[in-house]
Amino acid sequence: MSTIQAQITEIARKYPQGALTSLNQYLTADLMRESCRKLRTTAAVGVDGKTAEEYGKGLEERLPRLIEEIKSGSYRALPARRGYIPKPGKDEKRPLGIPAVEDKTVQKAVVTILEPIYEQEFYPFSYGFRPGRSQHNALDAIYVAITQKKVNWVLDVDIRKFYDSLDHECLMKFIEHRVTDRRILRRISKFLRAGVSEDGEWSKTVVGTPQGAVISPLLANIYLHYALDQWVQWWRSHHARGEVYIVRYADDFVMGFQYRSDAQQIQAELKERLVKFGLEMHEGKTRLVEFGRFAMGNRKERGEGKPETFDFLEFTHICVRSRQGIFQLKRETRRDRMRDRLRKIKEELRRRMHLSIPEQGKWLRQVVIGYFAYRAVPTNSRRIGAFRYYVVNLWRQALKRRNQKDHTTWVGIARIASDWLPTPRILHPWPEARFAVKHPRWEPGA
């Protein structure tokens, strides 16, 4: 796969303004084999009812037929199975579209081919679902912008039902800027129009790309690159009076401004820009807040309260002062997300209530380690400590519930927890240190 991507990267760099016409040749048996191997074996199954592991056992027998269908253009994607997952901290559920494992394999192969092309196109302030970039890189970028650049106002934007609103015609036109291989384009179009199956009933899809599909993150990035990123890049070089920064992770993005007038103007124009491409700004969740190094002092002079906070990638960002009295951007785990995770742990502990303590301890250890791996950032030590405390308390309650004569005390459960659960400690460096290592020179607009 690395060889294929290296070849395509070289071609894409050689023709930065041209459209690539011969990409279908890269959809080989070796690429399909590797794409299938990289699928998650624990992922939910599609309408075919097969897991990646089950499909992989007979892959060698299936490959000749699959390659022939791809080369001849007779390949047809199955409808995605409709599933639902609860939204964090809400009673609502998020719809998912789960493709069949063979469709996942082909989608993964198409992503392998298209990714190196669009990596030459995407701007550095786009971080979501890109190789070598992560949520922490996006968090680092917004941290550095707020603490080191001229940011006095923050616009937190929410796009309503983004994945369900992608206009297929616009998306295909965007892709054709760089890809004109008709066989690849038809294949993407088939994925988009395959429809969804819910309770055995098929329904047509005329807009949107299913969350849960392997190809959806790349398609979403392509869509927002042309609908949003290029426009923001142009706007701040032609209309902005002061400094303007943007950090985007998939459809979640935050903008920082030196002047309020710039923020208000782009907010109004951004709404019209999104409508042009079938998207809608969520008015109730989009907020412009005074935020940054001087926000606390300016609001105090006006007799106003503390600066408002904003949420980005599961963290609440707060203006505070350090012990030395200087500005500090504090990031804490969102309360609603922590409550939601604890509720799920409580439910799972009830199902595992009669397992032995070592079995419960091994599972809880994996849960806590996974939770800390993302959230153990500087200034969040109080929240990760609270999370461990609540997990230990839930464990104690579960042990007491399985036996009315159980007299597990806090001293006893603390001793048990010390054997199994990791102690809370910061695992990530300060954002400016990591950002300086990854980006020795400030990326334009990052």
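**Group meeting: a walk through the model**

Hi everyone, let's begin at glycine 58, which counts as buried because its relative accessibility is 16%, and the cut-off for buried is under 20%. Please keep in mind that this is a predicted model. You will find glycine 58 in the loop between α3 (52-57) and α4 (59-72). If you want a feel for distances, take glycine 58 together with glutamate 119: they are 61 residues apart in sequence, and their C-alpha atoms are 34 Å apart in space.

Now to the helices, starting with α6. Helix α6 covers residues 135-148, and its end C-alpha atoms are 20 Å apart. That agrees with expectation, because 14 residues at 1.5 Å a residue should span 20 Å. How much of α6 is buried? Twelve of its 14 residues are, so α6 is largely enclosed by the rest of the structure. The buried set includes nonpolar names such as Leu139, Ile142 and Val144, and also His136, Asn137 and Asp140.

Next, please look at α13, residues 335-351. This helix has 17 residues and reaches 25 Å from its first C-alpha to its last, close to the 24 Å expected. Its buried residues are Met338, Asp340, Leu342, Ile345, Glu348 and Leu349. A reminder for reading that list: an α-helix has 3.6 residues a turn, so residues three or four places apart point the same way. And what do the buried residues of α13 pack against? Their partners are the strand β11 (327-333) and two helices, α14 (357-375) and α15 (381-401).

Let's turn to the aromatic rings. Searching the whole structure gives 13 aromatic pairs. One of them joins tyrosine 123 and phenylalanine 125: the ring centres are 5.3 Å apart and the planes sit at 10°, so this pair is stacked. Phenylalanine 125 has 0% relative accessibility and therefore counts as buried. Another pair is phenylalanine 174 with phenylalanine 277, where the centres are 5.6 Å apart and the planes are at 50°, so we call it tilted. This second pair links distant parts of the chain, 103 residues apart: phenylalanine 174 is in helix α8 (residues 168-175), while phenylalanine 277 is in the loop between α11 (260-276) and β8 (287-290). Both phenylalanine 174 and phenylalanine 277 are buried. They also belong to a cluster, in which ring pairs link Phe174, Tyr223, Tyr226 and Phe277.

Now a stop at the backbone. Leucine 313 lies in the loop between β9 (310-312) and β10 (315-321), and glutamate 314 is in the loop between β9 and β10 as well. Leucine 313 has a phi near 55°, a positive value in a residue other than glycine. For glutamate 314, phi is near 75°, again positive in a residue other than glycine. Are these two buried or partly exposed? Leucine 313 is buried, with a relative accessible area of 8%, whereas glutamate 314 counts as partly exposed at 23%.

Finally, let's come out to the surface. Which residues make the nonpolar surface patch of about 320 Å²? They are Tyr389, Tyr390 and Trp410. Tryptophan 410 is in helix α16 (residues 410-420). With a relative accessible area of 34%, tryptophan 410 is partly exposed, because that category runs between the 20% limit for buried and the 50% limit for exposed.

That's the tour, thanks for listening!

Methods: Residues are numbered from 1 along each chain as its sequence is written. This is a predicted model: local features need pLDDT of at least 70, side-chain atom pairs count only at pLDDT 80 or more; totals for chains, interfaces and linings use all residues. Side-chain values use heavy atoms; hydrogens and water are left out. Patches are made of residues with over 30% relative accessible area and no salt bridge: like charges are joined within 9 Å, nonpolar side chains (Val, Leu, Ile, Met, Phe, Trp, Tyr) within 5 Å. Accessible areas come from the Shrake-Rupley method with a 1.4 Å probe; for residues, only the protein chains shown count as cover. A salt bridge is a side-chain nitrogen of Lys or Arg within 4 Å of a carboxyl oxygen of Asp or Glu. Helices (H or I, at least four residues) and strands (E, at least two) are DSSP runs, numbered from the N terminus. Buried means under 20% relative accessible area, exposed over 50%, partly exposed in between (1.4 Å probe, protein chains only). The expected span of a helix is 1.5 Å times one less than its number of residues. Contact means heavy atoms within 4.5 Å. Rings of Phe, Tyr and Trp (its six-membered ring) pair if their centres lie within 6.5 Å; planes under 30 degrees apart count as stacked, over 60 as edge-to-face and the rest as tilted.
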